[in-house]
Amino acid sequence: MTEKPDVKRTLNLPRTDFAMKAQLALREPEVIGKWEADRLYERILEKRAAGRRPPFILHDGPPYANGRIHMGTALNKVLKDIIVKSRSMLGHYAPYVPGWDCHGLPIEIHVDRGLGERKKSMPVAAVREECRKYAERFIGIQREEFKRLGVLGAWDTPYLTMDPAYEAKVLEYLAVFFENGDVYKGKRPVHWCVSCRTALAEAEIEYRDKASPSITVRFPVASDLGAKFPALRGRRAYVLVWTTTPWTLPANLAIAFHPEHEYVAAEVGPDVYILAKRLLPLVAEELGWPAPKTLAAFAGRELEGLKARHPFAERDSVFVLGDYVTLEDGTGAVHTAPGHGHDDYLTGVAYGLDVYTPVDDDGRFTPDVPRYAGLQVFEANPRITADMKRDGTLLKETTVTHSYPHCWRCKSPVIFRATEQWFISMDKNGLRARARRAIAGVAWVPEWGRDRIDGMVAGRPDWCISRQRSWGVPIPAFRCKGCGATLAGAAVARHVAAIFGREGSGAWFGREAADLVPPGAACDACGGTEFEKEYNILDVWFESGASHNVLEREPGHAWPADVYIEGHDQHRGWFQSSLLIGVGAKGASPFRTCVTHGFILDEQGRAMSKSLGNVIEPGEVIARSGAEIVRLWAAMLNYKEDARFGPEIEQRLVEAYRKVRNTWRFLLGNVSDFDPDRDAVAADELADLDRWILHRFEEVRRRVVRAYRGYEFHPVVHDVLDFFTVDLSAFYLDVVKDRAYCSGRRSPERRSAQTAMFTVLRDSLLLMAPVLSFTAEEAWARVPAFAGKDPSVHLGEFPEGRDWLGPERAGFVEGMERLLAVREKVLKELEKARESKLIGTSLEAAVTLRAPAAEAAFLEARKAGLASLFIVSQVAVEPSAADGELAVAVSKAAGEKCERCWNYSTDVGRSAEHPTFCARCEKAVQGDA
């Protein structure tokens with residue numbers, strides 16, 4: 001029906017300039033500009049400080065300053081922003097100081113590629129300066145990308161791992177490890193990337209499938225077995241060994257047996273083979289042995305000290321014992337090269353074997369390896385196996401695809417190679433045990449994080465902290481020119497730290513050694529006073545793990561942090577290195593709570609990769625739908641699991657966002673003439689329906705605040721969205737519309753509805769501000785002014801709880817639930833009446849409720865509000881038989897349709913001045929009461 005203009009003007013229709021179309025991509029930058037112009041971040045801290053709010057510190061795990069952000073980075077930063085904003089609005093002083101990890105191999109590699117041949121003629125200091133510029137460039141890019149996501153923080157004063165003050169603190173932490181006796185220099189096998197030409201820590205390794213040769217090799221026994229086992233006297237015997245790394249055979253010095261496992265000497269034709277008894281049937285089948293005969297059986301410990309001849313090198317291989325030998329595959333006899341494996345190394349040390357590593361930094365065999373000198377180790381595999389096959393020592397060769405360590409930077413397979421490196425001992429002074437005790441005292445979200453990191457710390461080797469590159473913080477160590485002894489320690493580290501604090505770590509490459517050693521330094525071995533510098537840099541995980549040093553220097557911060565949050569891969573990365581440095585240098589964990597989130601997958605559950613063409617950049621989503629959609633996605637998903645994102649998910653998010661936005665728009669429109677300080681209705685004078693919706697919203701508020709405290713964000717969004725969709729849009733706002741539009745402008749019934757709508761609007765904007773930061777700010781500016789209203793929603797705090805029912809309202813909720821159950825039955829009957837063409841809209845209907853006496857009395861007492869609750873024109877209540885059920889009858893409403901409210905009434909036509917209005921509308925228009 002087309003309303004007459006004069007009639008329309010008499011209605012209290014919603015009025016707001018809060019647009020239905022969000023146009024987030026256009027409006028969000030304007031909001032960011034206003035935040036910056038208003039110094040919003042600083043003002044939030046100033047207000048919390050003035051209120052003496054307790055501090056809450058989220059310490060930022062520094063993203064790497066290399067390339068633009070991706071969806072995983074966006075997820076991480078938005079989650080951090082939600083935590084910080086929610087803690088601030090929970091009543092904390094919650095600063096956020098972002099940081100960047102600036103040193104390390106990826107930046108150096110990118111710079112190397114850019115410099116090309118020029119690098120060869122450039123001094124190290126000049127190359128480092130190029131690395132610095134590269135890092136600064138991407139810090140600037142990422143800073144703007146993070147700000148575009150709506151993240152508030154100290155963007156003008158971040159912490160950078162390449163700042164001199166930071167570098168100095170890194171060395172001060174290292175000095176404590178030296179002081180405690182945890183740091184040592186030794187030749188041990190480490191993960192070595194032949195492509196990057198540097199040692200790698202456990203955290204820099206990722207496991208991928210790799211095809212490797214799988215070979216079974218025989219070692220001729222050199223010792224007299226007959227002396228121990230008479231049945232083998234005079235027999236030609238071999239030990240069978242299985243390996244997937246033929247290239248390590250030139251470094252073989254031993255064969256390991258488990259002391260408790262049972263081994264056998266099996267006769268195969270004229271030869272005898274020694275292997276684990278349990279594996280004999282499997283090996284026999286693989287090698288085609290028809291019926292091997294067992295000549296002798298013995299425990300592994302009985303073989304200790306015997307020897308075999310190396311298959312192609314001119315030396316013996318000694319028989320040793322190792323508890324790590326398993327019977328899962330192979331032969332039960334393990335090829336041992338102390339220079340190429342962790343267990344091998346420990347066994348070699350225990351038996352006094354040389355840590356022999358005939359492989360150089362490029363992964364090529366050194367000249368002391370006959371036949372294979374100069375060959376890269378993986379290239380040497382087929383040569384070695386071909387030679388052994390020709391010599392008769394290789395019994396079988398196949399290919400196996402297995403999980404193999406790769407460099408997480410260049411993605412190339414790595415090798416285990418013994419080199420002289422700097423290490424932090426995990427056990428000499430109990431660092432491992434202390435770290436595990438600290439892990440037990442941290443709150444882990446989710447809980448399984450505790451067991452995961454504890455297992456990693458329990459099983460990790462000593463920490464290799466040296467790297468053979470130039471872009472990083474140098475390890476302050478010197479060599480005596482007289483005798484070659486090392487000069488290093490706490491005093492040296494602290495002296496160099498002071499220099500770095502003034503000049504930066506570039507001083508190591510610009511100053512002579514004499515300018516860097518402490519005054520009066522002398523060699524402990526020979527007393528010499530002339531030194532040369534070592535050129536190892538610290539593992540970047542030590543650098544980034546030392547980042548909690550900023551907690552001691554930032555205003556309003558305190559050590560330890562309240563929370564760390566990163567992806568679950570950081571259990572072996574930043575979480576672990578931070579924990580070890582915190583425990584080793586300061587005696588405790590640097591975080592009280594540790595939260596982890598998953599990785600990003602596409603809608604089919606596949607990891608995003610350029611090769612699959614399924615990568616989605618945050619910038620694309622922001623340009624298309626706005627940063628608010630990225631924020632909503634981060635909050636709605638269960639971040640503890642791997643998260644999916646794609647076009648369909650994005651569209652669903654857009655629809656969810658529209659529901660929230662349109663609900664706020666409707667509420668804003670209906671309170672446009674409402675002065676909260678003047679017009680609000682007291683709680684005990686509210687209409688029942690308004691009191692009930694506020695009670696329901698209080699339940700939502702309580703759950704939302706609890707969820708924020710527990711770092712659970714998807715319940716926040718789902719609770720609010722469900723409330724908006726089910727309780728508000730589908731019920732309350734639909735019902736209250738008639739009262740809000742058609743009652744007198746200043747009537748108590750309309751002011752009651754406005755009080756409820758204003759309260760829900762104001763408080764839901766506060767509750768959702770950490771998530772929908774842009775939209776909440778935009779809507780907040782249009783909320784009617786009230787005493788204490790902050791200029792920005794982010795300056796506010798979450799609403800306090802309130803009892804809307806009061807003690808005198810016992811049974812109120814139960815009564816409302818009864819009414820809503822009746823409403824459901826009425827709605828079903830109205831739908832049947834529409835289908836039968838009895839009525840068109842529900843306002844054309846009159847409803848008769850026939851109920852047992854008690855139920856009828858209950859309904860009769862509330863009859864005045866039933867018509868609006870059912871959205872019909874008339875309701876009658878009639879008692880029925882005592883044991884009957886409620887019956888609902890629908891008929892055509894009596895009277896005529898009111899031109900103003902569209903309700904049917906017998907009053908229409910009685911007024912001379914307003915003959916087309918019902919009595920309620922006439923009163924509203926005449927008195928505007």
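**Reading a helix face, a helix pair and a sheet**

Modeller: In this predicted model, helix α26 (residues 853-861) has Ala856, Phe858 and Leu859 as its buried residues.

Biologist: How many degrees around the axis do the buried residues of α26 cover?

Modeller: An α-helix has 3.6 residues a turn, so residues three or four places apart point the same way. Here the buried residues span an arc of only 160 degrees around the axis, which places them on the same side of α26. The exposed residues Ala853, Ala854 and Ala861 sit on the face turned away from that buried side, while the cover over the buried residues includes α25 (812-835), β27 (845-851), α27 (866-870) and β28 (874-879).

Biologist: At what angle do helix α18 and helix α22 pack?

Modeller: Two packed helices are described by the angle between their axes and the distance between the axes. For α18 (residues 627-636) and α22 (residues 714-742), the angle is about 105 degrees and the axes are 6 Å apart, which means that α18 is roughly perpendicular to α22. Leu632, Ala635 and Met636 in α18 meet His714, Val717, His718 and Leu721 in α22, and the residues of this contact comprise 5 nonpolar, 2 polar and no charged.

Biologist: In which order do the 4 strands of the open sheet lie?

Modeller: Strands of a sheet pair through backbone hydrogen bonds, either parallel or antiparallel. In this open sheet the order is β4-β3-β15-β17, with antiparallel pairing, and the edge strands, β4 (198-200) and β17 (463-464), each pair on one side only. Strand β3 (residues 183-193) pairs with β4 over 3 bridges, and tryptophan 192 has alanine 199 in β4 as its bridge partner. Helix α9 (residues 342-350) lies across β3 and β15 (415-424), running at about 145 degrees to β3.

How values were computed:
Residues are numbered from 1 along each chain as its sequence is written. This is a predicted model: local features need pLDDT of at least 70, side-chain atom pairs count only at pLDDT 80 or more; totals for chains, interfaces and linings use all residues. Side-chain values use heavy atoms; hydrogens and water are left out. Two strands pair if DSSP finds at least two bridges between them. Helices (H or I, at least four residues) and strands (E, at least two) are DSSP runs, numbered from the N terminus. Contact means heavy atoms within 4.5 Å. Axes are lines fitted to C-alpha atoms, for helices over the stretch in contact, and angles run from 0 to 180 degrees between N-to-C directions. Buried means under 20% relative accessible area, exposed over 50%, partly exposed in between (1.4 Å probe, protein chains only). The arc is that of the directions from the helix axis to the C-beta atoms. Angles under 35 degrees count as roughly parallel, over 145 as roughly antiparallel, 65 to 115 as roughly perpendicular and the rest as oblique. Ala, Val, Leu, Ile, Met, Phe, Trp, Tyr, Cys and Pro count as nonpolar, Asp, Glu, Lys and Arg as charged, and the others, Gly among them, as polar.
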